[in-house]
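The following report considers how the secondary structure elements are arranged and which charged side chains pair with one another.

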Amino acid sequence: MMNLTVRNIVKSDALKYKYEATVDDGSILSSSATLSVKECKELRMILVGTVQSGKSSTGNAILGFDAFESKRSGDRMTMEIKKQQAAKEDKRVIVVDTPGLFCRRNKDDKETFLRHINKGIEILFPRPHAFIFVFSIMSISDWDLKMLTFFEKNKSLKDHIIVVFTGRDMLEKDKTDFGTFRSELPPDLRSFLSKIGTTRIFAFDNTKSDKAVEKLIEAVDMLSTAKERYFEILTNVTR
């Protein structure tokens, strides 16, 4: 048995940070590669999901530019943790993309997957505000369901989860209502969603600008102003 631990992190996001930063490496906004932010509130989130769930394209939609490689080819899957950010009105949105569970080039086990998640938490010091669980409408697999079991005992995590289903355009093409789609999901996933609540469940169309992105950012903002608490993840990993 191996214990993976992220230290207790005290919420401090009620503070206002002042930034006077110019970024010239092209990694933050657009081709202008310049960002000047004053009294900017941070919204910090981690993308979690299986291979080809649409994590990276969801990150791009949230940030508003192509920050992460999102080709569906197996040769272009996210292989390492990546952090990107963008200015959204008076907020600084920071997104960490993690390697997908069961990525062929990564070690396909719980230990490796959760180590990536824990590393993402450390990167988003003092703590992430939201874990964005991403599922593809096109394919809910046993791998997705197995991923959920990894987090069942982490009570501190539950109140910070937001769920995104990618591929809403396919539902619209088939003239299928999102509510109907949810009612036909596997029982374990339906149970999981019932614990999250409808205000933190979204369906994205990542092929175009989507108003659902604005609502997701509002949901993360609400989580960032929640009652002060310690954020702790202690994960026991058994080979």
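A salt bridge is taken here as a side-chain nitrogen of Lys or Arg within 4 Å of a carboxyl oxygen of Asp or Glu. In this predicted model, the side chains of Arg168 and Asp210 meet in such a salt bridge, at 2.7 Å from N to O. Because Arg168 lies in helix H5 (residues 168–173) and Asp210 in the loop between E7 and H8, the pair ties together parts that are 42 residues apart in sequence. Both partners are buried, Arg168 as well as Asp210.

A search of the whole structure finds nine salt bridges, and three of them are set out below, including the one just described.

| Pair | Closest N to O distance | Burial |
|---|---|---|
| Arg168 and Asp210 | 2.7 Å | both buried |
| Glu42 and Arg44 | 2.7 Å | both buried |
| Asp221 and Lys91 | 3.6 Å | both buried |

The salt bridge between Asp221 and Lys91 links distant parts of the chain, since Asp221 belongs to helix H8 (residues 211–224) and Lys91 to strand E4, 130 residues apart. Through shared partners, salt bridges join Lys41, Asp90, Lys91 and Asp221 into one network.

**The sheet and its helices**

The protein contains eight helices and eight strands. Six strands form an open sheet of mixed pairing, in the order E3-E4-E2-E5-E6-E7. Strand E3 (82–88) and strand E7 (201–204) stand at the edges with a single partner strand each, so one side of each is left without a neighbour in the sheet. On average, and with direction ignored, neighbouring strands of this sheet are turned by 25° against each other.

Within the sheet, strand E2 (residues 41–49) pairs with strand E4 (residues 91–97) in the parallel sense over seven bridges, and Glu42 stands opposite Arg92 in E4. Helix H2 (residues 110–123) packs on the sheet, where it touches E2, E3, E4 and strand E5 (130–136), and its direction makes about 175° with that of E2. Helix H7 (residues 187–196), for its part, lies across E5, strand E6 (161–166) and E7, running at about 130° to E6.

**The protein as a whole**

Of the 239 residues, 51% count as buried, while the protein exposes about 12600 Å², of which carbon and sulfur atoms supply 48%. Among contacts between residues at least 6 apart in sequence, 73% join residues at least 24 apart.

Key. Residues are numbered from 1 along each chain as its sequence is written. This is a predicted model: local features need pLDDT of at least 70, side-chain atom pairs count only at pLDDT 80 or more; totals for chains, interfaces and linings use all residues. Side-chain values use heavy atoms; hydrogens and water are left out. Two strands pair if DSSP finds at least two bridges between them. Helices (H or I, at least four residues) and strands (E, at least two) are DSSP runs, numbered from the N terminus. Axes are lines fitted to C-alpha atoms, for helices over the stretch in contact, and angles run from 0 to 180 degrees between N-to-C directions. Contact means heavy atoms within 4.5 Å. Buried means under 20% relative accessible area, exposed over 50%, partly exposed in between (1.4 Å probe, protein chains only). Accessible areas come from the Shrake-Rupley method with a 1.4 Å probe; for residues, only the protein chains shown count as cover.
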